[in-house]
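The following exercises concern a predicted model. Please study the sequence and the structure, then work through each task with its solution.

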Amino acid sequence: MAYQTNKNRNTRQQSRAYVYGNLAPVREPSFEPVRREEQEPRRAPSRKTRQNRRRESRISGSYVFFLVLASVIAMVICVNFIKIHAEVTASSKNITKMQSQLSELKEMNNSKEGAIMDSINLDQVRDRAINEMGMTYAADNQIVHYANPSGDYIRQVEQIPKEGMLAYAGN
């Protein structure tokens, strides 16, 4: 559009007339607005109508009782929920505390068991049992073999006699 004719330039300048001031000119509407005729003022409602409206807008006693009862029930439910939630939180904190105590006790127990096992010298126990207590190794005829079919649980049904074995099953 670099090459415009004078005719186009003049019409553009005429349509863009500069408006002095900060307000654009107000154009008058080209038509006349239709005005409504004045309406009759509204009549005030009758006394009976006003009474009916007042009676309907009132809240009955049973409705107020229902609302109060529903509010109290909702409040009790909310308080119980908060109480139970607090108990659950306290219980979980207590469980966490007890679990940490249990792990500390297990660690302490393992360390003491290790110290006890390190302090026992089995050679010293064998020497003392043989030399001081007079113990000897069992002879072949003193060894009783048995099969335990139910694992490592043994039920004793009678007392073991002081003389030793009840029965002997040879090889």
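**Exercise 1.** Determine which residue forms a salt bridge with Asp 127, and state whether each partner is buried or exposed.

*Solution.* Step 1: apply the criterion, by which a salt bridge is a side-chain nitrogen of Lys or Arg within 4 Å of a carboxyl oxygen of Asp or Glu. Step 2: the partner of Asp 127 is Arg 126, and their closest N and O atoms are 4.0 Å apart. Step 3: classify accessibility, where buried means under 20% relative accessible area, exposed over 50%, and partly exposed in between (1.4 Å probe, protein chains only). Asp 127 has a relative accessible area of 37% and is partly exposed; Arg 126, at 40%, is partly exposed. In general, side chains of opposite charge can pair when their charged atoms come close.

Residues are numbered from 1 along each chain as its sequence is written, and side-chain values use heavy atoms, with hydrogens and water left out. In this predicted model, local features need pLDDT of at least 70 and side-chain atom pairs count only at pLDDT 80 or more, whereas totals for chains, interfaces and linings use all residues.

**Exercise 2.** Find the salt-bridge partner of Glu 132 and give the count of salt bridges.

*Solution.* Step 1: Glu 132 pairs with Arg 128, at 3.0 Å from N to O. Step 2: Glu 132 is exposed, with 59% relative accessibility, while Arg 128 is partly exposed at 48%. Step 3: the count by this rule is 2 salt bridges.

**Exercise 3.** Describe the helices of the chain and the confidence assigned to them.

*Solution.* Step 1: helices (H or I, at least four residues) and strands (E, at least two) are DSSP runs, numbered from the N terminus. Step 2: the chain holds 4 helices and 0 strands, in the order α-α-α-α. Step 3: pLDDT is the predictor's confidence in each residue, from 0 to 100. The chain averages 79, and 66% of the residues score at least 70. Among the elements, helix α1 (residues 6-15) has the lowest mean pLDDT, 52, and α3 the highest, 95.

**Exercise 4.** State how many residues the chain has, what share of them is buried, and where Arg 55 and Phe 66 lie.

*Solution.* Step 1: the chain has 171 residues, of which 1% count as buried. Step 2: Arg 55 belongs to helix α2 (residues 47-57) and is partly exposed at 46% relative accessibility. Step 3: Phe 66 is found in helix α3 (residues 61-119).
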